[in-house]
Amino acid sequence: MTTLRTVVFPIARILVLALIAGALVKLAFFSADDAQADDGVNPGANFGSPQYVVGIGDVVNNVELQASVVADPVKNVVSPVDGYVGAWIAAEGQTVAAGDVIVEVRREIPASVDNNGRPIPATFTRHNLTAPIAGVVHQSLLVNQPASIATTVATVNPGTLSIQGSISPEQLFQLEVMPAAAEVTINNGPAPFTCEGLAVGDPGTASENPGDPSGDPWGGGGGGGGGTTTVSATCPVPEGVRLFAGMSGTLALAAGEAAGVITVPVTAVQGLYDTGRVWVVDPASGAETPTDVELGLSDGMNIEIRSGLNEGDTILQYAPGAMDPMDPGMGGPEPRPMPEVIEGDVVEGDGVEIVEGEIVEGDGTVFVEGEVAEEIEVTEEPAP
């Protein structure tokens, strides 16, 4: 036991300490080359431009509009002459078909004499006015009541409903061929259905949605005093579908489908409609060459390339300038509005009262009451 404590244990401790010292020396001076040879990884980050290999895919382009159910407008029946109501052919509240005679308007021809001096009695001409559409008649004038030219004599209410949505010029660009039908989904209503006879309004009758009145450039309405011009897309509610005016939903227009075509991400293209530009990367040299391409359908994520690229080409995944430098939330603070100058205001920190027409010392600007001060702080009350 004495030999174990005095000889064996001390030798074991020396051996352990020697092993630890050898391991530390190896880690300190010899492990780097071995580790590099083992994994072959060079630590660091690659900040190069992401690339994309062009491939084949399918693109389904649907344009979805926010829509509402509206009552179809009544149609006016107007007098073509300066006369009076002679007789009603259709009674109040009667249902008529398009082209049915509703009312007779008479134009009086006063009495006169002929070339021989013989009297010609007064007479009148008859003008039958017909219904422009099928619907219910409402009489606007009474018998013998005057009806001058362009006066509304009656109205016809079709009593039908339509689905109406607004479509922007950008969405019109997506519609290569205007569809004749649309898929309608009504919130808290019947199952989705298809309506035929889709009509898109004439751009000449387009309406403009005003921008955000607060002037917020990132507001949903366009902000900054701008607006978005839209035209209406209207589709009649088919028979047998029970809806009510004021209900809301969506109107989905099938803009087209392309299967087995060359597609790339929309981020790789400058331009969205008809023509665009991508940057082709040379695999050997890494050179980036701008290339014009012909664009087709887009689903918002990928876009069809009709010409200009081949399958297997390598392009930049993000086209230069594709990201807006004025992206909301990325810019600096909004400029602080300058105060309006009122006669009698005082330049802050100076104590000089502003008088209309007076030049403020050190600035050289003549102030007129009501104009906006530029880079000059004013206070409401004169300095003591």
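Over how many bridges do strand 10 and strand 12 pair? In this predicted model, in which local features need pLDDT of at least 70 and side-chain atom pairs count only at pLDDT 80 or more, totals for chains, interfaces and linings use all residues. Residues are numbered from 1 along each chain as its sequence is written, and side-chain values use heavy atoms, with hydrogens and water left out.

Strand 10 (residues 135-139) and strand 12 (residues 152-157) are joined by four bridges in the antiparallel sense. Strands are DSSP runs of E of at least two residues, and helices runs of H or I of at least four, numbered from the N terminus; two strands pair if DSSP finds at least two bridges between them. Glutamine 139 is placed opposite alanine 154 of strand 12. Both strands belong to an open, antiparallel sheet of four strands in the order 3-12-10-5. Strand 3 (75-78) and strand 5 (95-96) each have a single partner strand, so one side of each lacks a neighbour in the sheet.

The largest nonpolar core (buried Ala, Val, Leu, Ile, Met, Phe, Trp, Tyr and Cys residues joined through side-chain atoms within 4.5 Å; buried means under 20% relative accessible area, exposed over 50%, partly exposed in between, with a 1.4 Å probe and protein chains only) has 23 residues. Ile163, Ile186, Leu243, Leu251 and Leu253 touch the most other members. Strand 2 gives the most to this core, with four residues. A second, separate core of 17 residues includes Trp88, Leu129, Leu141 and Ala154.

Valine 7 lies in helix 1 (residues 2-29) and counts as partly exposed because its relative accessibility is 39%.
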